Amino acid sequence: MSALIRRQFAGVDDQPILRRMAEEQLLGTAEAGAGQGGVVLYLSFLEAAGIPLSASLLVSRLYEKFDSLDAVAALAGSGEVGLVTLPAAGRAARLLRREQTKESRRLGSEFQDTIVEYFIPVPDHDEVLMLTFSTPLEPIAEAMVELFDAVAGTLRWQHRVEKTKGAQE
């Protein structure tokens with residue numbers, strides 16, 4: 001995290017408070033993700049026309065057996081819930097919600113975060129892959145949701161062949 005903050009604030013020596021807030025927010029995001037069973041956290045630091053496109057993707061594994069219909073029923077009332085079909089990954093439950101997160105309140109943001117979650121059953125396993133996309137950019141949230149949907153649509157399953165002990169490589 002420290003290396004990432006150094007890179008983002010390279011050449012900016014007059015913003016120690018902003019730098020400290022950014023580092024706290026990143027650490028808070030990483031800790032929250034790990035606490036939710038996250039295995040990978042992606043952060044976007046892209047800019048478009050000088051505007052930072054802040055977003056994150058947390059990939060989590062849920063060791064439960066349920067199909068996307070069960071997920072939709074469990075999520076009902078939490079936001080906009082529906083079934084979708086991802087081109088190469090199959091059926092999934094999709095939840096879109098907006099909320100004022102604890103982290104945004106702490107940082108004094110007046111905007112709600114937009115969160116899109118996908119629950120995708122892993123073929124031939126009793127687990128679900130959960131993709132949690134999030135952005136604090138409420139003014140361009142709809143465009144960011146389209147981006148999240150496009151990224152989720154690229155998910156592809158790969159079957160790995162397990163090597164048996166003693167097998168030649």
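**Figure 1. Six strands form one open sheet.** The strand order is 1-4-8-7-6-5, and the pairing is antiparallel. Strand 1 (38–44) and strand 5 (80–86) stand at the edges with a single partner strand each, so one side of each has no neighbour in the sheet. On average, neighbouring strands are turned by 20° against each other, direction ignored. This is a predicted model: local features need pLDDT of at least 70, side-chain atom pairs count only at pLDDT 80 or more, and totals for chains, interfaces and linings use all residues. Residues are numbered from 1 along each chain as its sequence is written, and side-chain values use heavy atoms, with hydrogens and water left out. Helices (H or I, at least four residues) and strands (E, at least two) are DSSP runs, numbered from the N terminus. Two strands pair if DSSP finds at least two bridges between them. Axes are lines fitted to C-alpha atoms, for helices over the stretch in contact, and angles run from 0 to 180 degrees between N-to-C directions.

**Figure 2. Strand 1 pairs with strand 4 at one edge of the sheet**. Strand 4 covers residues 55–62. Six bridges hold the antiparallel pairing of strand 1 and strand 4. Which residue of strand 4 stands opposite L41? It is L58. Strands of a sheet pair through backbone hydrogen bonds, either parallel or antiparallel.

**Figure 3. A hairpin joins strand 5 to strand 6.** The connection runs through three residues. Strand 5 and strand 6 pair in the antiparallel sense, over seven bridges. Here G82 stands opposite R94 in strand 6.

**Figure 4. Helix 5 lies across five named strands of the model: strand 4, strand 5, strand 6, strand 7 and strand 8**. Strand 6 spans 90–99. Helix 5 runs at about 20° to strand 7. Confidence is highest in helix 5, at a mean of 94, and lowest in helix 1 (residues 2–8), at 66. The protein averages a pLDDT of 80 (the predictor's confidence in each residue, from 0 to 100). Of the residues, 76% score at least 70.

**Figure 5. Y118, F133 and F148 form a cluster of aromatic rings**. Rings of Phe, Tyr and Trp (its six-membered ring) pair if their centres lie within 6.5 Å; planes under 30 degrees apart count as stacked, over 60 as edge-to-face and the rest as tilted. How many aromatic pairs does this rule give? The count is two. The rings of Y118 and F133 have centres 6.3 Å apart and planes at 85°, so this pair is edge-to-face. Y118 sits in strand 7 (residues 113–121) and F133 in strand 8 (residues 128–135), so the pair links distant parts of the chain, 15 residues apart. Both Y118 and F133 are buried (under 20% relative accessible area; exposed is over 50%, partly exposed in between; 1.4 Å probe, protein chains only). F133 and F148 are stacked, at 5.0 Å centre to centre with 20° between the planes. This pair also links distant parts of the chain: F133 in strand 8 and F148 in helix 5 (residues 141–152), 15 residues apart. F148 is buried, as is F133.

**Figure 6. The largest nonpolar core has 19 residues**. Such a core is a set of buried Ala, Val, Leu, Ile, Met, Phe, Trp, Tyr and Cys residues joined through side-chain atoms within 4.5 Å. The residues with the most contacts inside this core are L86, V116, Y118, I120, L131 and F133. Strand 4, strand 6, strand 7, strand 8 and helix 5 each supply at least two residues. Which element gives the most? Helix 5 does, with four residues. L86 is in contact (heavy atoms within 4.5 Å) with A92, Y118, I120, A152, G153 and L155, leaving aside neighbours within four places in sequence. A second, separate core has eight residues, including L62, A71, A93 and V128. In soluble globular proteins, nonpolar side chains tend to be buried together.

**Figure 7. L137 and E138 share the loop between strand 8 and helix 5**. Is L137 buried or exposed? L137 is buried, with a relative accessible area of 17%. Not counting neighbours within four places in sequence, L137 is in contact with P52, L53 and S54. The C-alpha atoms of L137 and P52 are separated by 9.3 Å, though the residues are 85 apart along the chain. E138 is partly exposed, at 33% relative accessibility. E138 touches F111 and Q112, not counting residues up to four places away in sequence. The C-alpha atoms of E138 and T114 are 6.8 Å apart, and 24 residues separate the two along the chain.
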